[in-house]
Amino acid sequence: MEEKKFILQNSILIGGLGMLRTFLIYLSKANWMKEMMLNWGIARKVALRFVAGEKLEDAILVAKNLNTKGMNATLDQLGEDTNTPEEARETGEQIKEILNAIESSGVRAGISLKLTQIGLDLSEDLCVEILAGLAILARKYNNFIRVDIEDSPRVDATMRVYKRIQEEYKINNVGMVLQSYLYRAEEDLIELLKSNTKIRMVKGAYTEPPTVAYQKKIEVDENFDSLMEILMDAANNNNGPDVSKDGKWPPLPAAGTHDPARVEFIKEYARLIGLPKDKFEIQMLYGINKGLQDSLAAEGYPVRIYIPFGQEWYPYFMRRLAERPANLWFFLTALFRG
Ligand SMILES: Cc1cc2nc3c(=O)[nH]c(=O)nc-3n(C[C@H](O)[C@H](O)[C@H](O)COP(=O)(O)OP(=O)(O)OC[C@H]3O[C@@H](n4cnc5c(N)ncnc54)[C@H](O)[C@@H]3O)c2cc1C
């Protein structure tokens, strides 16, 4: 009887959390909520726990501070869909400014971007052209661009754009991200490793259906570990490059996670296969699990912090709330405290 009650209570809790997550993901796309939050001073202040600020200078300053703690950075100007080719080109120009600012300030940082920011949904040709322009500028500065991965309907297009910039523009300073919740991730990983593509492995941040993605956390975690094994073996076998001395280029494997169990697994697996510390890196989002960020850096592991900035912080912030109820609690108590 007691056991049944326990199972029922837990099912309600898990079901409730699932609904809360879906609701927060819905809010992340709702314009009315966005308008309200953007004009709400306290909400903006609280969001700054996860976002460096609204300006490029804010992000450079945060990167500098992290550099002094021994961590590298990847800067991300927030923003998702663009509606016209002009907007996509304009975003491309803004991203060039980030590369220029990294170069002139000398911070140890690369950049991350989403292909929908530079026109993926409008035209793949346009997206290839803008990405290649950015990669060529980054190459001039010996810098690196990471293409974030978005929701599953866009994964094929992202892979095509990546292949085209390699083949048509001979670009090799761009890396990819794979999501362990997708069934297809292993196949994509094996394909990308054929050209020694640098990969950031993540669990995945979108709500995906069971037709394409594992639904249970344990399955996503197990797949994460097994994909990291493949990636770390590849780094060991190719004797893949270290993190570059200036902190701009990541090594072949990167794990984007705040999960202590995943991090322990990676450290243990590296020890098992004899992969030196500087041949893989752990990446975390700005403001999340800072304790783990600090302790990894203190142990001598390369740590890269993903620093989002810009006026489009709203959907990013809502996705962080959806990921973890404790973040929502933090937000609500901060609001009530004023
Ligand atoms: C650098 C980086 C880049 C990313 N890029 C992408 C991308 O391109 N595309 C994409 O879909 N997703 C991306 N993500 C998001 C990712 O897919 C996950 O949604 C997100 O990282 C949450 O999963 P998790 O591995 O951190 O662990 P979870 O499964 O969310 O949490 C596991 C454990 O981690 C710890 N933890 C998690 N959050 C916190 C916290 N706030 N404070 C303290 N402990 C915490 C807790 O112990 C928790 O139990 C990225 C994540 C990172 C770190």
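A residue is taken to surround the ligand here if one of its heavy atoms lies within 4 Å of it. In this predicted model, 25 residues meet that mark, and the closest are Ile149, Lys203, Gly204, Thr257 and His258. Sorted by class, the shell is a real mix, with ten nonpolar, eight polar and seven charged residues.

Three side chains stand out for their polar pairings with ligand oxygen atoms. The side chain of His258, one of the closest residues, has an N or O atom 2.7 Å from an oxygen of the ligand. For Gln179 the corresponding distance is 2.9 Å, and for Lys217 it comes to 3.4 Å. As for cover, the ligand on its own would expose 950 Å², and the protein buries 83% of that.

Where in the fold does the shell come from? Strands β4 (174-179), β5 (199-202) and β7 (281-285) each put in at least two residues. The largest share belongs to β7, which supplies three.

Strand β7 is also home to Gln283. Is Gln283 buried or exposed? Its relative accessibility is just 5%, so Gln283 counts as buried, the cut-off for that label being under 20%. The side chain of Gln283 pairs up with that of Glu281 through a polar contact of 2.6 Å. Leaving aside residues up to four places away in sequence, Gln283 touches Arg146, Arg200, Ala254, Ala255, Gly256, Thr257 and Arg304. One of these partners, Thr257, turns up again among the residues closest to the ligand.

Notes:
Residues numbered from 1 in each chain as written. Predicted model: local features only at pLDDT ≥ 70, side-chain atom pairs only at ≥ 80, totals over all residues. Heavy atoms only, no water. Polar contact = N/O pair within 3.5 Å; in protein donor to acceptor, adjacent residues only side chain to side chain. Areas by Shrake-Rupley, 256 points an atom, 1.4 Å probe, with all protein chains shown as cover. Helix = DSSP H or I, 4+ residues; strand = E, 2+ residues; numbered from the N terminus. Nonpolar A, V, L, I, M, F, W, Y, C, P; charged D, E, K, R; others polar. Buried < 20%, exposed > 50% of the residue type's maximum accessible area, 1.4 Å probe, protein only. Contact = heavy atoms within 4.5 Å.
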